[in-house]
Amino acid sequence: MIHARGLTKTFGDVEAVRGIDLDVSAGEIVGLLGPNGAGKTTTMRMLTTLLRPTSGTAAVAGCDLLADPADVRRHIGYVAQGGMIGPFSPVGEELELQARLYGMRRTEAGERVTRLLAELDLSGVERRIAASLSGGQKRRLDIAMGLLHRPDLLFLDEPTTGLDPQSRADLWERVRRRREQDGLTVFLTTHYLEEADALCDRVLIVDHGRIVASGTPRELKSAYGAATLDDVFLSVTGREPREGAAA
Amino acid sequence: MTTLTGPTTAHTLAALIGYHLRGTLKNRFAIVFGAVQPFLYLVLFGPLFDRSGVGSWAVLVPGLLVQLGLMSAGMVGFTIVFDQRFGVLERLRVTPASRVALLLGRVFKDGLVLLVQAVVIIAAGFFLGLRAPLPGVLLGLLLMVVLSVGMASLSYAAALTIKQELFAPVMSTVAIPLMLLSGALLPMSLAPAWLDVVSRLTPFRYAVEALRALFAGAYASPDVLWGVLVTSAFVVIAVAMGTRIFQRENS
Ligand SMILES: Nc1ncnc2c1ncn2[C@@H]1O[C@H](COP(=O)(O)OP(=O)(O)OP(=O)(O)O)[C@@H](O)[C@H]1O
Ligand SMILES: [Mg+2]
């Protein structure tokens, strides 16, 4: 589903990503972990066609990232770290636009929006503006945006930051169910490593723009003789994983 | 990338125009406010102009319409800064919508809003004594909307390119001389030779003169031809530049 080789991104004199190779198969849930500024968001923005890599190549959802960004976009969903909903328009309008941009007719879009909001426990918010929602409701709405068009591959950049434990558990439950039912592939970042441990088939740890460790959570723990992914993270990056969680 | 004629692009454009239009309509104050300046010129300056011997209402009103197109459309870029800050722009940019549709959805909405404002100005003009043939007025409106679409594209391009705090000063520093040089307020036939030459180097002069010719019923005049040519070239270049910025954000 994702095959990237030698991805790099330089902003001025900041080398945000310094050569990342990664492969994600269809139906996998893969977590990208790393301290603040490691290059996680930059990597995601490259893979979602938002940023042109300084060098390197990638195929995403079977389409070439550079030659065919429009086809990549048709297959992916993206939930950005900073949210993606304007504060002052009714939530229903934002969702309907999103659905229609993926080719749904107006009635189909309306039905889909209603169903998805119900699924995410957000029924009845359609006419409210995002500014009037709680942080957690807003985040669930961002996630609804990413799932609206039933993508094959979903990118989630810190999806659970700001959610209470119950909403986080619900979200993971939903992600797992999508994977089982529709074969959804998920590429996500998080600073909650116990989540990554429980949810991800595989994790990649990045630091200073490079992958410094990768494998299944179990492999990593045994390779580093650690009890938890937190300990693996600490020995690989020299930093506590939770430093970033507040951000 | 999809072409402009494909059904998906039409569907995408319709969705985007509707979305942006609803957003704008929520702020009716801004729509009214956008037309206030030319309206004041019309009411407080128009009667003087009409008696000055320079020209009648049919000379002034076309100028005010171009002024409206230039100044109002020049400032629309403001709105995209918010969309950028709240992640709406990125969200739209990961959808399959073509980049040109992302721009056109915005500028067509702006064109529609300006059309409504222009109709109000013209109606007020008629009330004050403007007399012009209907076909000329309609063609003039069309030309003015095309001009505004181009100006709006440049405004979005500028807003995505220059620093946010510089946007307003830069746009007014550019738009005001262009407006003065277009002869929108007083015809350039009054200008000294050097000013006339400088004015001919700016695109909006041709739009102003074409609008005046249309309002005078001189549909087949060279002024109209030049206005249409220059304005068409302007809009094509401006939309191409705007689209490139939407794409380049991509790099
Ligand atoms: N648009 C940009 N312009 C300049 N520098 C940038 C830009 N985006 C990211 N950077 C820099 O690139 C580096 C990597 O940033 P990135 O956002 O990818 O980190 P991250 O791993 O997502 O961090 P966090 O956990 O805080 O979200 C940082 O040093 C950041 O300052
Ligand atoms: Mg990040």
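Start by selecting the interface of chain B and chain A in this predicted model: the rule finds twelve residue pairs in polar contact across it, both partners at pLDDT 80 or more. Now colour chain B by secondary structure. Helices α1 (7-25) and α5 (88-93) of chain B each supply at least two residues to the side that touches chain A. The largest share of that side comes from α1(B), with six residues. Switch to colouring by residue class, and the side of chain B facing chain A shows ten nonpolar, six polar and seven charged residues.

Next, select both sides of the contact together. You should pick up 23 residues from chain B and 30 residues from chain A. Between them, about 2,600 Å² is buried, and carbon and sulfur atoms give 56% of that area. Show B:H11, B:R91 and B:V94 as sticks: these residues supply 27% of the area that chain B buries against chain A, more than any other three residues.

Keep B:R91 on screen and add A:E94. Their side chains meet in a salt bridge, with 2.6 Å from N to O. Across the interface of the two chains, the rule finds four salt bridges.

For the last stop, go to A:E219 in chain A, which sits in helix α8 (residues 217-223). Is A:E219 buried, exposed or partly exposed? Its relative accessibility is 48%, so A:E219 counts as partly exposed; the exposed class begins over 50%. Finally, draw a distance from the C-alpha atom of A:E219 to that of A:L50: the two are separated by 33 Å, and lie 169 residues apart along the chain.

Notes: Residues numbered from 1 in each chain as written. Chains lettered and ligands numbered in written order. Predicted model: local features only at pLDDT ≥ 70, side-chain atom pairs only at ≥ 80, totals over all residues. Heavy atoms only, no water. Helix = DSSP H or I, 4+ residues; strand = E, 2+ residues; numbered from the N terminus. Buried < 20%, exposed > 50% of the residue type's maximum accessible area, 1.4 Å probe, protein only. Contact = heavy atoms within 4.5 Å. Buried area = accessible area lost by both parts, 1.4 Å probe. Polar contact = N/O pair within 3.5 Å; in protein donor to acceptor, adjacent residues only side chain to side chain. Nonpolar A, V, L, I, M, F, W, Y, C, P; charged D, E, K, R; others polar.
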